[in-house]
Amino acid sequence: MNSTARRKKVEILADQPLVRRIVEVVKRCGVTGWTVLPVAAGGGRLNAWSDDQIAGASAKALVFTITTETHAGELVEALTPLLDSHGLLVWVTDVEVIRPERF
Amino acid sequence: MNSTARRKKVEILADQPLVRRIVEVVKRCGVTGWTVLPVAAGGGRLNAWSDDQIAGASAKALVFTITTETHAGELVEALTPLLDSHGLLVWVTDVEVIRPERF
Amino acid sequence: MNSTARRKKVEILADQPLVRRIVEVVKRCGVTGWTVLPVAAGGGRLNAWSDDQIAGASAKALVFTITTETHAGELVEALTPLLDSHGLLVWVTDVEVIRPERF
Amino acid sequence: MDVLLSPVILFFVLGALAAAARSDLAIPEPIAKGMALYLMAAIGLKGGVQVAEGGFSATMAAAAAAGLALSCLIPLAAFALLRGIGRLGRIDAAAVAAHYGSVSVVTFVAGSEMLKAAGMAPAGFMVAVLALMETPAIIAGLVLAKGAGSSDAEERGELLRETLLNGTVVLLLGSFAIGLVVGKEGFAPIAPVFDGGFRGILCLFLLDMGLIAIRRLRETRSLTLRLAGLGILMPVMNGTVGTVVGHLIGLDAGSAAALGILAASASYIAVPAAMRLALPQADAGLSLAMSLAVTFPFNIALGIPAVSLLARWLAS
Amino acid sequence: MDVLLSPVILFFVLGALAAAARSDLAIPEPIAKGMALYLMAAIGLKGGVQVAEGGFSATMAAAAAAGLALSCLIPLAAFALLRGIGRLGRIDAAAVAAHYGSVSVVTFVAGSEMLKAAGMAPAGFMVAVLALMETPAIIAGLVLAKGAGSSDAEERGELLRETLLNGTVVLLLGSFAIGLVVGKEGFAPIAPVFDGGFRGILCLFLLDMGLIAIRRLRETRSLTLRLAGLGILMPVMNGTVGTVVGHLIGLDAGSAAALGILAASASYIAVPAAMRLALPQADAGLSLAMSLAVTFPFNIALGIPAVSLLARWLAS
Amino acid sequence: MDVLLSPVILFFVLGALAAAARSDLAIPEPIAKGMALYLMAAIGLKGGVQVAEGGFSATMAAAAAAGLALSCLIPLAAFALLRGIGRLGRIDAAAVAAHYGSVSVVTFVAGSEMLKAAGMAPAGFMVAVLALMETPAIIAGLVLAKGAGSSDAEERGELLRETLLNGTVVLLLGSFAIGLVVGKEGFAPIAPVFDGGFRGILCLFLLDMGLIAIRRLRETRSLTLRLAGLGILMPVMNGTVGTVVGHLIGLDAGSAAALGILAASASYIAVPAAMRLALPQADAGLSLAMSLAVTFPFNIALGIPAVSLLARWLAS
Ligand SMILES: Nc1ncnc2c1ncn2[C@@H]1O[C@H](COP(=O)(O)O)[C@@H](O)[C@H]1O
Ligand SMILES: Nc1ncnc2c1ncn2[C@@H]1O[C@H](COP(=O)(O)O)[C@@H](O)[C@H]1O
Ligand SMILES: Nc1ncnc2c1ncn2[C@@H]1O[C@H](COP(=O)(O)O)[C@@H](O)[C@H]1O
Ligand code: NA
Ligand code: NA
Ligand code: NA
């Protein structure tokens with residue numbers, strides 16, 4: 001039998017050059033880990049873009065971390081200053097984790 | 001304090017060459033944005049595949065958009081004609097977004 | 001009108017070389033399909049890593065499958081032996097699928 | 001015979017063996033795609049430079065017309081065989097037929113290398129014929145499928161545009177035009193990359209093709225023995241027809257063989273992508289398995305040498 | 001004129017036409033990035049080897065000083081124009097100004113090739129000037145934006161570090177230093193890659209630049225006619241100033257033209273990344289559209305030839 | 001000494017410095033992997049061509065046997081040191097020991113280049129010895145860990161298959177065989193890529209290695225001073241033993257040095273992947289940090305020159 005528990009998955013869509021900074025914020029919030037997914041293309045209010053830029057300056061990445069509700073709240077709080085200034089997108093999903101002690 | 005709100009995340013798994021068409025459908029449904037993630041490999045009813053094709057003709061991508069329940073419903077409706085003919089997979093998740101006005 | 005239904009999305013984060021083995025476990029659990037997303041970077045208890053390794057030995061991938069609650073339970077059960085020994089992360093989300101007969 | 005022991009072919013065999021033994025050897029996908037683009041630019045350029053040297057001729061126009069005709073007509077014959085012998089449904093038969101009417105750039109490139117090694121290099125303009133043959137078959141395939149799928153007029157227009165402006169076609173014709181404009185002199189400074197590097201890159205590319213062909217063969221469940229047989233019968237027939245037509249319109253032996261190779265080859269780049277959009281109900285895995293895992297290796301190992309012999313025999 | 005028919009330029013045109021016709025031709029992103037790194041390593045090495053041959057001189061110091069000054073001062077003039085004529089807000093004007101003060105490596109490379117073909121190859125040390133000009137403009141841009149954004153002292157220090165250790169700068173200066181150390185003799189064994197392959201790779205890279213430039217132009221909504229005009233006016237002005245300054249400090253015609261090209265060019269690699277961090281509120285799409293889709297093609301087609309003529313006329 | 005100022009080494013230093021200064025310079029991962037595959041194909045081919053020229057000999061068999069023995073026995077000694085001095089647990093010690101028994105292709109390549117520059121090029125068959133030494137150490141390591149992990153008989157068979165058919169081994173031996181078959185003449189047309197391009201690509205590859213080695217060093221938390229010391233002691237010991245054995249079995253100075261370099265080098269491609277599957281509980285970061293961030297730079301900077309001196313002294 002596996003023990004399971006509710007956790008929060010916080011996902012952050014951000015510009016590639018910002019990822020390092022976001023990961024620092026994530027780490028400060030006491031989470032046990034984080035993962036970055038590559039993003040191929042997208043479009044929003046201003047421009048459509050795709051990752052064909054030579055420098056990756058307009059490329060994005062998706063950072064996510066699965067953590068307890070408390071830590072998730074702290075993380076969202078800590079990300080607030082970057083939210084408008086750097087145009088992040090942040091959303092939270094309920095997930096059921098196996099081995100809750102790992103998150 | 002951040003205001004949060006419930007939104008729907010609609011995810012669409014489709015063949016690479018179809019992505020452009022799907023994005024057009026997505027845009028027509030009044031969403032504020034969309035993102036495409038690359039897909040490395042997969043398997044279903046017919047064949048397993050992996051993204052080692054020279055032409056990418058059998059490659060897939062994952063398009064997602066986070067939007068209101070109403071727009072999500074419209075999007076699902078609009079995708080219906082493509083669902084069987086083009087073998088799309090579509091699923092919807094509840095998410096909690098920060099800065100609801102952005103979605 | 002589309003018929004929709006509740007399903008479970010099981011996500012497994014694992015080392016790249018393990019993916020083949022995990023996919024075998026997934027297939028044995030009667031799911032209709034599975035998808036692998038590339039992972040760019042991450043960090044956990046021991047080391048931060050990013051996918052700049054020449055061999056990809058420290059690279060990870062994210063396998064997910066959308067399936068019924070029963071199959072999801074069986075899959076989680078079947079993954080248990082690999083959970084600690086191979087350091088997998090596994091979590092489950094509720095999703096609403098269109099065309100339930102495909103999952 | 002000697003040509004089968006060239007590094008290019010041996011690397012293909014190495015890839016095939018590695019895949020058959022389930023080795024984890026793999027070429028990163030962007031590298032494979034980069035090499036494909038490089039090969040197209042290189043043959044386009046070299047063809048253009050050759051035509052710039054040799055000038056235009058009536059034979060060129062005849063070759064172009066023959067290529068276009070073959071690309072339109074081969075799908076009809078293929079369709080009949082695939083429905084009759086192969087027992088495929090209309091849509092799947094039309095999709096596969098389109099693959100066989102169109103051409104494979106890499107088969108052409110490998111064939112040209114072998115012909116060159118045998119002292120019967122095809123004319124430079126055959127590159128343009130190659131580019132011309134890529135797309136008509138797609139339209140023929142769609143006509144055969146009789147507008148199946150949800151395609152209305154607007155969608156069909158869009159598809160036609162996408163097909164004609166397919167990356168392969170644009171790069172091939174574009175490089176050909178650049179070769180024409182710059183000529184031998186303008187080509188010299190870029191020759192180390194586009195000429196010197198050509199065969200080495202081709203080796204690595206064929207290594208990847210060997211890996212992909214066998215892996216695809218293993219993953220495909222819908223490839224019956226009958227269909228595999230057609231994957232060999234069709235290139236034999238098409239190759240013969242192409243070579244004979246080439247001979248009849250007055251091409252030299254090398255160019256006639258090249259036309260035969262084009263006719264015998266089946267697309268696995270441009271057509272699959274187009275079919276995914278236009279005939280999404282067709283089994284994409286089947287078309288790729290036939291063209292990539294059956295016909296391509298057959299052509300590399302036997303088809304090209306056979307067609308060369310035929311062309312030489314006709315010319316003698 | 002003849003230089004506009006070189007393969008390098010023609011591949012750029014091919015890419016631009018393909019993108020304009022909405023072809024799906026695309027170069028995989030890792031390949032494009034790999035080619036960019038290769039080009040930087042190659043020009044760094046070749047510049048260093050040349051300086052190792054020729055030795056240091058007072059002119060070199062003067063060129064370096066002139067480059068630094070231009071990179072600091074161009075943003076001021078650009079800022080005024082962008083606010084006055086371009087009607088941009090302070091932050092956007094500062095961001096765009098930083099792009100124009102900094103330099104484009106590929107424009108420099110294409111320019112060098114054209115100058116070489118015209119018999120007026122720039123001196124090897126111009127590569128070091130190029131590297132020096134990359135970053136001061138970023139700082140000038142931030143000063144113009146007056147510390148807008150949430151940047152405190154610590155963050156500014158971090159940004160400065162990141163800017164100075166930007167990958168482009170490190171690779172350029174590092175390869176330059178390696179070229180200096182190994183000299184002509186040490187360079188010989190690696191010359192097939194870094195010299196022989198140079199122009200061919202440049203062709204493929206410019207093919208990609210053509211594709212990207214036009215695609216970006218189409219995707220951008222905030223590029224007004226006034227701003228597009230400035231995207232041409234600024235390189236004309238900066239190119240003239242750079243060339244004249246180069247002439248006045250005693251550079252040979254080729255090197256003066258190269259300084260003009262550097263001044264006229266606008267960054268689309270280093271600066272966009274830095275601005276994303278330091279001025280995230282700025283419209284990144286606008287800066288890229290101006291530098292990549294307006295100024296870059298203008299420089300390639302008209303700016304470089306014009307600056308060469310000016311330099312030759314000044315020297316005569 | 002002069003060899004340390006070759007471009008190949010200087011690019012490694014540049015990468016290391018850039019990573020130490022936290023520059024964002026990075027080579028896209030598919031490019032790095034593509035270069036690794038290229039290097040393996042190239043050394044395989046060149047080795048095979050050389051053996052095709054020179055023919056087989058008893059020395060070759062002796063070298064192969066010596067290589068196999070070293071790959072099996074080095075892990076035993078390493079295991080004892082890692083447990084005793086390094087204070088590692090059994091599983092971690094076994095995993096690290098497997099890395100040191102196996103070999104590093106890039107160290108071999110860099111070493112061959114340096115030996116060649118010093119006029120003592122190793123024999124072509126050493127490439128085959130390299131390929132043979134890759135996998136026995138993995139099995140030795142697993143035996144040392146005494147079947148730890150959940151591996152039953154079936155799983156062990158699977159692992160053995162995967163290890164023996166590892167991409168590196170297949171490509172090395174396959175290219176070697178191709179080189180043997182085609183010989184010098186068949187190699188000529190592909191020589192521009194596989195010979196002409198070799199050192200230049202090696203430069204770019206070592207630039208990436210420098211970046212990766214230092215970044216890994218920084219990210220690893222479990223590398224103690226004792227273990228770092230062993231990361232230097234082990235190559236010294238293994239290199240000495242390998243060179244002396246090479247001398248005793250009658251290898252020429254260059255080949256004996258090459259055997260020493262192989263013994264001294266530690267795997268960071270094939271073995272980490274195998275250990276991830278077979279000993280997943282082992283700390284993968286630690287093995288990579290030791291082999292990549294300690295032993296690899298040590299070998300490049302000091303180990304290879306030292307082993308060369310030793311081989312020359314033994315031969316004199
Ligand atoms: N809480 C988490 N949320 C998201 N990803 C995680 C989390 N914990 C670990 N990871 C990922 O799992 C990998 C291995 O974690 P670990 O086994 O803790 O070293 C990390 O590199 C991350 O990519
Ligand atoms: N509603 C959305 N759903 C998914 N992705 C979005 C959404 N809105 C914006 N994005 C992503 O965020 C990026 C920036 O959006 P914007 O700031 O609106 O230009 C876009 O390029 C998309 O990749
Ligand atoms: N239940 C599933 N969960 C996740 N991915 C799936 C599932 N079913 C199919 N897929 C993905 O969809 C693709 C096409 O599936 P199919 O149409 O069944 O061949 C597969 O290659 C997988 O990538
Ligand atoms: Na054909
Ligand atoms: Na400038
Ligand atoms: Na060793």
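Donors are N, O and S atoms within 3.2 Å of the metal when that metal is Na. With that in hand, let's look around this predicted model.

**A sodium site in chain E**

Along the chain, the donors of the sodium ion (ligand 5) are spaced as Y-x1-S-x159-L-A-x1-S. The atoms behind this pattern are the O atoms of Y100(E), S102(E), L262(E), A263(E) and S265(E), which coordinate the ion at 2.4 to 2.9 Å. S102(E) sits in the loop between α4 (90-101) and α5 (105-117) of chain E, while A263(E) belongs to helix α13 (residues 253-264), so this pair ties together parts that are 161 residues apart in sequence.

Are S102(E) and its partner buried or exposed? S102(E) counts as buried, at 0% relative accessibility. A263(E) is buried too, with a relative accessible area of 0%.

**A nonpolar patch on chain D**

Now to the surface. I139(D), V143(D), L160(D) and L164(D) make a nonpolar patch of about 330 Å². Helices α7 (136-144) and α8 (153-164) of chain D each supply at least two of its residues. One of the patch residues, L164(D), has its place in α8.

Here are three residues from the tour side by side:

| Residue | Relative accessibility | Class |
|---|---|---|
| S102(E) | 0% | buried |
| A263(E) | 0% | buried |
| L164(D) | 44% | partly exposed |

**How two copies are related**

A turn of 120° and a shift of 0.0 Å along the axis lay chain F on chain D with an RMSD of 0.0 Å. The two copies are thus related as by a three-fold rotation axis. Only 8% of the interface residues of chain F are also interface residues in chain D, so the copies meet through different surfaces.

Technical notes: Residues are numbered from 1 along each chain as its sequence is written. Chains are lettered from A and ligands numbered from 1 in the order in which they are written. This is a predicted model: local features need pLDDT of at least 70, side-chain atom pairs count only at pLDDT 80 or more; totals for chains, interfaces and linings use all residues. Side-chain values use heavy atoms; hydrogens and water are left out. Copies are superposed by least squares on the C-alpha atoms of residues with pLDDT of at least 70 in both. Contact means heavy atoms within 4.5 Å. Donors are N, O and S atoms within 2.8 Å of the metal (3.2 Å for Na, K and Ca); water is not among the atoms, so sites may look incomplete. Helices (H or I, at least four residues) and strands (E, at least two) are DSSP runs, numbered from the N terminus. Buried means under 20% relative accessible area, exposed over 50%, partly exposed in between (1.4 Å probe, protein chains only). Patches are made of residues with over 30% relative accessible area and no salt bridge: like charges are joined within 9 Å, nonpolar side chains (Val, Leu, Ile, Met, Phe, Trp, Tyr) within 5 Å. Accessible areas come from the Shrake-Rupley method with a 1.4 Å probe; for residues, only the protein chains shown count as cover. A salt bridge is a side-chain nitrogen of Lys or Arg within 4 Å of a carboxyl oxygen of Asp or Glu.
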